Amino acid sequence: HLRFSIRNETSGSFVLSDYVRIEVRNATGSLIVETMCGRRSDSIRIYTHGEYYRWYWKTDSDLSEGVYSVTVLLDGAKLSPPILIVSKI
């Protein structure tokens with residue numbers, strides 16, 4: 001489960017947007033998963049009361065061991081350096 005909040009740098013208020021996208025890339029930079037806000041079961045969900053976004057990343061059973069970068073984009077702009085997830089078998 002990935003849970004995150006997007007805040008305005010100046011006011012600190014929660015940024016509510018339907019134009020949030022997540023990209024997961026492997027160690028070579030190849031895109032392996034991409035999702036956006038929406039109504040599909042694999043979409044990013046917005047929880048306004050808690051002021052956060054949540055995505056259930058369901059990995060394939062054949063996901064190889066390695067390091068994966070997760071980047072959150074708002075209107076196409078990266079919000080921060082990607083977080084790294086290390087997968088071990």
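Q: Contact means heavy atoms within 4.5 Å. In this predicted model, which residues is Val20 in contact with, leaving aside its neighbours within four places in sequence?
A: The structure is a prediction, and the values given here are computed from it. With neighbours up to four places away left out, the residues in contact with Val20 are Phe4, Ile6, Thr35, Met36, Cys37, Ile44, Tyr53, Val72, Leu73 and Leu74.

Q: Which residues have the most contacts inside the largest nonpolar core?
A: In soluble globular proteins, nonpolar side chains tend to be buried together. The largest nonpolar core here has 16 residues. Inside this core, the residues with the most contacts are Phe4, Val20, Ile22, Ile44 and Tyr53.

Q: Which strand supplies the largest share of this core?
A: At least two core residues come from each of the strands S1 (2-4), S2 (20-25), S5 (52-55) and S6 (66-74). The largest share is 4 residues, and the strand supplying it is S6.

Q: In what order do the strands of the open sheet stand?
A: Strands of a sheet pair through backbone hydrogen bonds, either parallel or antiparallel. In this open sheet of 3 strands the pairing is antiparallel. The twist from one strand to the next averages 20 degrees. The order of the strands is S1-S5-S4.

Q: Which strands stand at the edges of the sheet?
A: An edge strand here has a single partner strand, so one of its sides is left without a neighbour in the sheet. The strands in that position are S1 and S4 (45-47).

Q: Which residue in S5 does Leu2 stand opposite?
A: S1 and S5 pair in the antiparallel sense, over 3 bridges. In S5, the residue opposite Leu2 is Trp55.

Q: Is Thr35 buried or exposed?
A: Thr35 belongs to strand S3 (residues 31-36). Not counting residues up to four places away in sequence, Thr35 touches Val20, Arg21, Ile22, Arg40, Asp42, Ser43, Ile44 and Trp55. Its relative accessibility is 2%. Buried means under 20%, so Thr35 counts as buried.

Q: How many residues apart in sequence are the parts tied together by Arg21 and Glu34?
A: The side chains of Arg21 and Glu34 meet in a salt bridge, at 2.8 Å from N to O. Arg21 lies in strand S2 and Glu34 in strand S3, so the pair ties together parts whose separation in sequence is 13 residues.

Q: Is Glu23 buried or exposed?
A: The side chain of Glu23 forms a salt bridge with Arg21 (2.6 Å, N to O). Arg21, with a relative accessible area of 22%, is partly exposed. Glu23 has a relative accessibility of 10%, and the limit for buried is under 20%, so Glu23 counts as buried.

Q: Which residues are joined into one network by salt bridges that share partners?
A: The whole structure has 4 salt bridges. One of them brings together the side chains of Arg25 and Glu23 (3.3 Å, N to O). Arg25, at 27% relative accessibility, counts as partly exposed, and so does Glu34, at 42%. The residues that salt bridges with shared partners join into one network are Arg21, Glu23, Arg25 and Glu34.

Key:
Residues numbered from 1 in each chain as written. Predicted model: local features only at pLDDT ≥ 70, side-chain atom pairs only at ≥ 80, totals over all residues. Heavy atoms only, no water. Core = buried A, V, L, I, M, F, W, Y, C linked by side-chain atoms within 4.5 Å. Buried < 20%, exposed > 50% of the residue type's maximum accessible area, 1.4 Å probe, protein only. Pairing = 2+ DSSP bridges. Axes fitted to C-alpha atoms, helices over the stretch in contact; angles between N-to-C directions.
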